Amino acid sequence: MEKEKWRKFILKSEGLEKWKIKDCQGGGLCQHKIKTIICPSYNQALFLHEVAHALLPKRGHDAVWADIFTELCRRYLSLPQGKSVENKIIPH
Ligand SMILES: [Zn+2]
């Protein structure tokens, strides 16, 4: 799957379709106020890291956050092309 499509697909699958993605060089950032994930396009793991923050506001990197991040990686880093996911990780 092409990178941009892959990222939008994940936002949609996890109920974050109102969120925007902004490219940058270097580190990632999750801005809840403006619903924007800022992340370099070449770094898929960092994108999933920021998606976990988008799903779990104000938790930092606690155990719950780590579980969600792990699940995101399991699901989306090995996703066969065109396959859809059955359930959101966090229903909302
Ligand atoms: Zn973080």
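Me: Which residue with a positive phi follows α1?
Reply: This is a predicted model. Helix α1 covers residues 3-13. The helix is followed by a residue whose phi is positive, near 75°. That residue is G15.

Me: Which residues of α1 are buried, and why do they lie on the same side of the helix?
Reply: A residue counts as buried if 20 or more other C-beta atoms lie within 10 Å of its own. The buried residues of α1 cover an arc of only 130° around the axis, which puts them on the same side of the helix. These residues are R7, I10 and S13.

Me: Which exposed residues does the face of α1 turned away from its buried side carry?
Reply: A residue is exposed if 12 or fewer other C-beta atoms lie within 10 Å of its own. The buried residues of α1 have a cover that includes β1 (20-22), α2 (44-55) and α3 (63-76). The face turned away from that buried side carries the exposed residues E4 and K5.

Me: Which strands stand at the edges of the sheet?
Reply: The sheet is open, with 3 strands in the order β1-β3-β2 and mixed pairing. Each edge strand has a single partner strand, so one side of each is left without a neighbour in the sheet. The twist averages 20° from one strand to the next. The edge strands are β1 and β2.

Me: Which residue in β3 stands opposite L29?
Reply: Strands of a sheet pair through backbone hydrogen bonds, either parallel or antiparallel. Here β2 (29-31) and β3 (residues 36-38) pair in the antiparallel sense over 3 bridges. Opposite L29 stands I38.

Terms used. Residues numbered from 1 in each chain as written. Predicted model: local features only at pLDDT ≥ 70, side-chain atom pairs only at ≥ 80, totals over all residues. Helix = DSSP H or I, 4+ residues; strand = E, 2+ residues; numbered from the N terminus. Arc of directions from axis to C-beta. Contact = placed C-beta atoms within 7 Å. Pairing = 2+ DSSP bridges. Axes fitted to C-alpha atoms, helices over the stretch in contact; angles between N-to-C directions.
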